[in-house]
Amino acid sequence: MQQEPSVDDAIAFLRSNLCGTLRFESDFVPIKIVIDQDGCLIASVMAAMLQSFDTTLYLPDENVCGLHLEVSLEEFQPKGEDALRCDRWQIYHGEPPDVRWARMSIDAARFDSLFIDGEAMMRPNPLAACSNHVVRAVNANRPALRRFCAERAGLEIEEPILVGVDPFGFDVRRAFDIVRVESEDLLENEQDLCEELRRHGFSLEGR
């Protein structure tokens, strides 16, 4: 008997699918997101998206087996701390397609047969505070990162760059997209993260 999906399954799926389709009114437009440290979504958006009161984000597409998110968009300016959110999006995806930026809050979600309150989907990343140091240490050992991607994701990536970590896995940038490398165990804190990386040959001095 197939096990019913959980909220953790839905969040892990969200973090593994950063490209999808946004429906606003009757229009469907491809969109790329990153997940902020508080669990909200960040995207480069069209002006018309910001004016819509009926928006749904489909990840990776409109297929019934994917993740459907009812979202509310709030525009922000790429200044001060908010500029860091835009910088992170560009680290993941490159040049933005539009000049406007939006923070998307999740109002509700459907994942397979599971209906989820939006607040439950916006889970803060407990690894956000340590991620910059760990990402730098991992990227300093490119051969180990290549082996890690091959072992954990079955992918040979010539020039991998780790760009993000969260309890469910690792975001690795390659030439034209982001590859998701799932963690072996749920990484609840910095110790869990460092232990998993050490098992795969990374030396994390001072951590």
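This tour moves through a three-stranded sheet and then through two pockets of a predicted model.

Residues are numbered from 1 along each chain as its sequence is written. Because the model is predicted, local features need pLDDT of at least 70 and side-chain atom pairs count only at pLDDT 80 or more, while totals for chains, interfaces and linings use all residues.

**First stop: the sheet**

Select β8, β9 and β10, where strands are DSSP runs of E with at least two residues and helices are runs of H or I with at least four, numbered from the N terminus. These 3 strands form an open sheet in the order β8-β9-β10, with antiparallel pairing; two strands pair if DSSP finds at least two bridges between them. The edge strands are β8 (161-166) and β10, each pairing on one side only. Neighbouring strands of this sheet are turned by 25° against each other on average, direction ignored; the axes are lines fitted to C-alpha atoms, and angles run from 0 to 180 degrees between N-to-C directions.

**Second stop: the hairpin**

Narrow the selection to residues 169-173 and 178-182, which are strands β9 and β10. The two strands run antiparallel and are joined by 5 bridges. They form a hairpin with 4 residues between them. Two facing positions can be picked out: Gly169 stands opposite Glu182 in β10, and Phe170 stands opposite Val181 in β10.

**Third stop: the largest pocket**

Select Gln37, Arg88, Ala128, Ser131 and Asn132, which lie nearest the centre of the largest pocket among its 20 lining residues. On a 1 Å grid over the protein atoms alone, a pocket is an open set of points where a 1.4 Å probe fits, with protein on both sides within 12 Å along at least five of seven lines; lining residues have an atom within 4 Å of a point. About 590 Å³ of space lies in this pocket, the volume being the space filled by probe spheres set on the points. The elements giving two or more residues to the lining are β2 (27-35), α3 (81-93), α5 (128-139) and β8.

**Fourth stop: the second largest pocket**

Select Cys19, Tyr92, His93, Asp177 and Ile178, the residues nearest the centre of the second largest pocket, which is lined by 21 residues. About 270 Å³ of space lies there. At least two lining residues each come from α1 (7-16), α3, β9 and β10. The largest share, 4 residues, belongs to α3.

Methods
Side-chain values use heavy atoms; hydrogens and water are left out.
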